[in-house]
Amino acid sequence: MALSFTVPDEATANLLRLIAAYSGVEAQPTVSSSAADVEFTAEGVQAFGEHTACKYIASKSHAAEQLLGRTPEQQAKIAEWLSFRHSALRPLMDAQLAELNAALAGVTYVAGGVQPSLADLVLYAAVSPAAVAFPVAQHGHFCNLLRWYDLLHHTADSQRLFPAASFARPRYVAPPPPAPAEKKEGKGENGKAAGKGGDKAAPAAPAASSSGDKKGAAGGKEAAAAAAAAGGDAAGGKKEKGKGKEGKGAPATPAASGEAAPKKDDDCTVDLLDIRVGQIVKVGRHPNADALYLEEIDLGEEQPRQVVSGLVKFVPQEKMEGRRVVVVCNLKPAKMRDVMSYGMVLCASNEAHDQVDPINPPEGVPVGERITFEGYAKEPEAQLNPKKKQFERIAPDLRVDANGVCVYRGVPMMTTKGAVTATIANAWVK
């Protein structure tokens, strides 16, 4: 007989269906707008709560020990993760998702073991809206969570109640073959060491005859003396080259030898930055900081990118909504008050930093278009290296001129529709 449940929404209904299908239990959740929580009858007793319903279904499974834990330690871990789902994942925020991602770094399932537990199924359903909506820039930062979600989607969610996560799977690259082992020196028939080049070795000097021919021995001594003298001349020649002030013995410089001089790290220019036009599609206050906005910005990628900006004191929220902005997209993602930021909105700021306003791309520029600077045509780096302080070295040359045009070393910041401008003239861009 199927278990009957009354649930407040379709997401909860799908969670119960997922657990029931994996457990081999028949369940019939019914969505009711009047239900404040899950309601069901267990062993003739009225029961309430999503957590209670999930555990009740798992207890009826042929794999109840696997789902609820075989040992006290595993049971405690499962209970801890179920509590985490209800206390920390409402709403879904990057900091809590990062905690789950970190916990999955060394394990296949959250409570260990070789099969999913009830905690895995409940967390899978809970994080689904975030896992399927991560922008590409976040895939590397939540790689453990995505790997785990993808595994459960293809093994535990047989009815495909929750959508698949779209991300690039790692490609196996075979290691190079081992280098061939060097041949070891062997010994010849007469006990003499044989060199690597065997047949190419220089012939040995003729030995003295068995009759004690002194001429042969004398010839050998003369040859040895001649070789020693030649060696001495060569050494003397080297010493002679090392002497003198006319430059004969001076170490060869790259210029003198014709070799290219080593390139100094002085080419840190604006074309290292991946600066693109974007549009804010959602903005709200940062949950942990009154001075920060939490924005979702459309940059022409698969999903909007999450960016944190310290603009609350300078720009009202209503003026941020739907605004077109210019974003640096290849900074290393940074956690700002426990929330990850995947870019930086460029703003004009006066000297006193009491006037700050995002710079403005021209109307009609498509989102995702890259900003260009005449004379600077290198491809931007995929991600700047914070240790090299690249952005910090470039930023002092980003300015707003007297006409309100944003420039780098006097070169305008350009799009296909014209120059990027600012509302504050003679200002910094940062």
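1. Let's start with a term: helices (H or I, at least four residues) and strands (E, at least two) are DSSP runs, numbered from the N terminus. In this chain they come to 12 helices and 21 strands. Keep in mind that this is a predicted model, where local features need pLDDT of at least 70, side-chain atom pairs count only at pLDDT 80 or more, and totals for chains, interfaces and linings use all residues. Residues are numbered from 1 along each chain as its sequence is written, and side-chain values use heavy atoms, with hydrogens and water left out.

2. Now the chain as a whole. Buried residues (under 20% relative accessible area, with exposed over 50% and partly exposed in between, for a 1.4 Å probe and protein chains only) make up 39% of its 430 residues. Take contacts (heavy atoms within 4.5 Å) between residues at least 6 apart in sequence: 65% of them join residues at least 24 apart.

3. Next, have a look at the largest nonpolar core, meaning a set of buried Ala, Val, Leu, Ile, Met, Phe, Trp, Tyr and Cys residues joined through side-chain atoms within 4.5 Å. It holds 56 residues, and Phe 5, Leu 100, Leu 145 and Trp 148 touch the most other members. Elements giving two or more residues include β1 (3-7), α1 (10-23) and α8 (143-155). The largest share, 11 residues, comes from α6. There is also a second, separate core of 30 residues, which includes Val 270, Leu 273, Val 400 and Ile 424.

4. β1 is a nice strand to study. In a regular strand the side chains alternate between the two faces of the sheet. Here Leu 3, Phe 5 and Val 7 point to one face and are buried, while Ser 4 and Thr 6 point to the other and are not. Leaving out residues up to four places away in sequence, Phe 5 touches Leu 16, Phe 40 and Ile 57, among others. Strands count as paired if DSSP finds at least two bridges between them; β1 and β2 (residues 27-31) pair in the parallel sense over 5 bridges, and Thr 6 stands opposite Thr 30.

5. Is Gln 66, in helix α3 (residues 64-68), buried or exposed? Gln 66 counts as buried because its relative accessible area is 12%. Beyond its neighbours within four places in sequence, Gln 66 is in contact with Tyr 22, Gln 115, Pro 116 and Ser 117.

6. Further along, β7 and β8 pair in the antiparallel sense over 7 bridges, with a hairpin of 2 residues joining them. His 286 stands opposite Ala 289 in β8. β8 then runs antiparallel to β9, joined by 5 bridges, and Tyr 293 stands opposite Ser 309 in β9. This second hairpin has 6 residues between its strands, and Gly 300 in the turn has a positive phi of about 80 degrees.

7. These strands also turn up around a pocket: on a 1 Å grid over the protein atoms alone, an open set of points where a 1.4 Å probe fits, with protein on both sides within 12 Å along at least five of seven lines, and lining residues having an atom within 4 Å of a point. Of the 21 residues lining the second largest pocket, Leu 92, Asp 94, Lys 282, Glu 296 and Gln 306 are the closest to its centre. α5, β7 (275-286), β8 (289-298) and β9 each supply at least two lining residues, and the largest share, 4 residues, comes from β7.
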